[in-house]
Amino acid sequence: MQNQTSFAPDRNLDVICLGRLAVDLYARQLGARLEDVSSLAKYLGGSSANIAFGTARLGLKSAMLSRVGDEQMGRFLLETLTREGCDVSQVKLDSERLTGLVLLGIKDRDTFPLLFYRENCADMALCEDDIDEAFIAGSKSLLITGTHLSTEKVNAASRKALGFARKHNVRTVLDIDYRPVLWGLTGRGDGEQRFIADDGVSSHLQSVLPLFDLIVGTEEEFLIAGGKPALLDCLQVVRQLAPQAVLVVKRGPLGCAVITGDIPADIDDAFTISGAQVEVMNVLGAGDAFLSGFCRYGCAAATTPMPAAPPMPAARW
């Protein structure tokens, strides 16, 4: 991230985004059910890809680390990122799998049906062999989203990248980005569901939290990370596992809470950055835009080198 030149003057990238890289197909008929949609518009999608795109647009030197299918949708994504100035040299072309797709509708400002077409898709085939140590070492930060901890193969790839990052003093960022459907916890048609408590997911996330310097999520996402019913109890769990990490709790219209030390007795007592008043049409992608801006403007805390990294925790699988 920016302003890290005090200890990384020779690094040519500000942020590497590892994770989902897919095509979003948005319904043109606002207010319609997906069953009734007759036309769609095509966009770059996937949380990691959105952040790579957003940080590039905001002036950071960003890169994408993922896979796309060796077909038209994959080329569309690569061309879209490249036009924005994002490095795609580490996006592998997968000749055996298709690029992931998501169909999205906008019924109203709070209702947005999502249908993920991600069965054996290209970005979920990212593997350990795709992770290049020199590439990771050449960046100031590595950002990973939660979906790429959700299966054995992408979990192993993510952990390998995190190991290289810790070895080379590269800042590590976790966007919890919890989508229950992508953890196999809902029916395939229930992609809109944002929270389901699950002890297995909580335990798995907790195994990797010590490897991150910055952890970002909504209140519900910190509930899954902490594995307890109450937000403050969950933040205490996260703090115990990641004692040096900066925690950023996204609170919608209330802005975000930034916690650099002890967990306060009340979330309202945390240092809070107020949100800007905007007309809300739909919240999809808002978190990706927020994190893009936070990486560009809000990471002054990332300018000081971290203490020595803890040992790598054991994988769940």
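Glu219 and Arg251 form a salt bridge in which the closest N and O atoms are 3.1 Å apart. This pair links distant parts of the chain, since Glu219 belongs to helix α6 (residues 219-226) while Arg251 sits in the loop between β11 (246-250) and β12 (256-259), 32 residues apart. The model is predicted, and a search of the whole structure finds 15 salt bridges in it. Three of these pairs are described below, together with a network of shared partners and one further helix residue.

**The Glu219–Arg251 pair**

- Glu219, the acidic partner, is partly exposed, with a relative accessible area of 28%.
- Arg251, by contrast, is buried at a relative accessible area of 13%, a value that falls under the 20% limit for that class.

**The Arg67–Asp94 pair and its network**

- Arg67 forms a salt bridge with Asp94, and the closest N and O atoms of the two side chains are 2.9 Å apart.
- Because Arg67 lies in strand β4 (residues 62-69) and Asp94 in strand β5 (residues 87-94), the pair ties together parts of the chain that are 27 residues apart in sequence.
- Both ends of this contact are classed as buried: Arg67 has a relative accessible area of 13%, and Asp94 has a relative accessibility of 4%.
- Arg67 and Asp94 also take part in one network, in which salt bridges that share partners join them with Glu96, Arg97 and Asp130.

**The Arg33–Asp36 pair**

- A salt bridge is also found between Arg33 and Asp36, where the closest N and O atoms are 3.0 Å apart.
- Here Arg33 is partly exposed, with a relative accessible area of 41%, and Asp36 is likewise partly exposed, with a relative accessible area of 47%.
- Neither residue is counted as exposed, because that class requires a relative accessible area over 50%, whereas the values are 41% for Arg33 and 47% for Asp36.

**Glu152 in helix α4**

- Glu152 is a residue of helix α4, which covers residues 152-167, and at 53% relative accessibility Glu152 counts as exposed.
- Measured against the cut-off of over 50% for exposed residues, the 53% of Glu152 therefore places this side chain in the exposed class.
- From Glu152 to Ala242 the separation is 90 residues in sequence and 23 Å in space, taken from C-alpha to C-alpha.

Methods. Residues are numbered from 1 along each chain as its sequence is written. This is a predicted model: local features need pLDDT of at least 70, side-chain atom pairs count only at pLDDT 80 or more; totals for chains, interfaces and linings use all residues. Side-chain values use heavy atoms; hydrogens and water are left out. A salt bridge is a side-chain nitrogen of Lys or Arg within 4 Å of a carboxyl oxygen of Asp or Glu. Buried means under 20% relative accessible area, exposed over 50%, partly exposed in between (1.4 Å probe, protein chains only). Helices (H or I, at least four residues) and strands (E, at least two) are DSSP runs, numbered from the N terminus.
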